[in-house]
Amino acid sequence: GNPELPTAVNITWSSINFKTILQWQPKPSGYFYTVEIHGQTSDTKKKCILTAETECDVTDVLRNVKETYTAHILSVTSSGMDNFEEPPFAVSEKFTPYSQTVLGKPEIQNYTQKGSKLNVVFQDPLIPYTFPNGSFQSIRDIFQHDLEYKLYYWKDQSSGKKDATTKSHKFEVSVDSTKNYCFYIQGIIPSRRENRSGQESMVLCTSVGRSILDEYGAEVFIIIAVIAIAVITLAIVLSVILCKHKKAKAAREKEPLNGV
């Protein structure tokens, strides 16, 4: 082999919704890397052959998502693949997509707050694998009954959160009809030991019955009231001053007539 060639270090798996990238260091100089994916029950598959990069998209060779894989990152010269001797290589940690891929953000499609009910409809994140007809599968197609979702919701401008759980694509929860609510959703795999909770969706807020007081808070109204009182007081003071000034002027105008 080529024992003088450096081998890869800091090998990591990065996987969201089953799109899986293998990353490592260092950047090669004068040699290349080739990635081999070894499954417990599947044949070895080569990816990113003779690459000068330090990452490799291995999504398409991990289709058996419940299989446990390891990656061998071979350090080779351009002609090294033709030799019968085994090149130096580094081995990754084990990776099982089903239990380790991170659940991505659910997409909220629609939400309404009518009376005392908040309704939220959302969509499963899609994954890179497709059905025979070419349409993309979703995480629900893989996890099925293992997948559930949590809705976290709270009164707007409040810190007290409530949550609800569903295995469907929608939530209906009871709320205070006079208040607005903010919320987000995330996928959950309860059977997992790690990575149980997925990425959080964007936070959205309802706008039913939103008053100016809700929007700006009582402090702004106090400031406005103080300013209004000051303006009214100033207007009264100016009116009194002007009135006295007019009376004084009228009195002065009458004095010469009285002296004639």
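Here are short legends for a set of close-up views of this predicted model.

Before you start: this is a predicted model, where local features need pLDDT of at least 70, side-chain atom pairs count only at pLDDT 80 or more, and totals for chains, interfaces and linings use all residues. Residues are numbered from 1 along each chain as its sequence is written, and side-chain values use heavy atoms, with hydrogens and water left out.

**View 1. The whole protein has four helices and 16 strands.** Helices (H or I, at least four residues) and strands (E, at least two) are DSSP runs, numbered from the N terminus. Of the 260 residues, 36% are buried; buried means under 20% relative accessible area, exposed over 50%, and partly exposed in between (1.4 Å probe, protein chains only). About 15,900 Å² of the protein is exposed, and carbon and sulfur atoms supply 55% of that. These areas come from the Shrake-Rupley method with a 1.4 Å probe, and for residues only the protein chains shown count as cover.

**View 2. Cys48 and Cys56 are joined by a disulfide.** A disulfide is a covalent bond between the sulfur atoms of two cysteines; here the cut-off is a pair of cysteine sulfur atoms within 2.5 Å. In this pair the sulfurs sit 2.0 Å apart. The torsion about the S-S bond is about 95°, so this disulfide is right-handed. Cys56 is buried at 1% relative accessible area, while Cys48 is partly exposed at 25%.

**View 3. Cys182 and Cys205 make another disulfide.** Their sulfur atoms are 2.0 Å apart, and with 105° about the S-S bond the link is right-handed. Cys182 lies in strand 15 (residues 181–188) and Cys205 in strand 16 (residues 204–205), so the pair ties together parts 23 residues apart in sequence. Cys182 is buried, with 5% relative accessibility, but Cys205 is partly exposed, with 34%. The whole structure has two disulfides, and counting bonded cysteines along the chain gives the pattern 1-2, 3-4.

**View 4. Asp57 and Lys19 pair up in a salt bridge.** Side chains of opposite charge can pair when their charged atoms come close. To count, a side-chain nitrogen of Lys or Arg must be within 4 Å of a carboxyl oxygen of Asp or Glu. The closest N and O atoms of Asp57 and Lys19 are 2.7 Å apart. Asp57 is in strand 5 (residues 55–57) and Lys19 in strand 2 (residues 19–25), 38 residues apart. Both count as partly exposed, Asp57 at 31% and Lys19 at 42%. The structure holds seven salt bridges.

**View 5. Strand 4 offers two lysines, Lys46 and Lys47, for salt bridges.** Lys46 meets Glu36 at 3.1 Å, N to O. That pair links strand 4 (residues 45–51) to strand 3, where Glu36 sits, 10 residues apart. Glu36 is buried at 13%, whereas Lys46 is partly exposed at 41%. Lys47 meets Asp60, also at 3.1 Å, N to O. Asp60 lies in the loop between strand 5 and strand 6 (69–76), so this pair ties together parts 13 residues apart in sequence.

**View 6. Thr34 is tucked into strand 3 (residues 32–39).** Thr34 counts as buried, at 0% relative accessibility. A polar atom of its side chain lies 3.0 Å from the backbone nitrogen of Leu50.

Conventions:
Polar contact = N/O pair within 3.5 Å; in protein donor to acceptor, adjacent residues only side chain to side chain.
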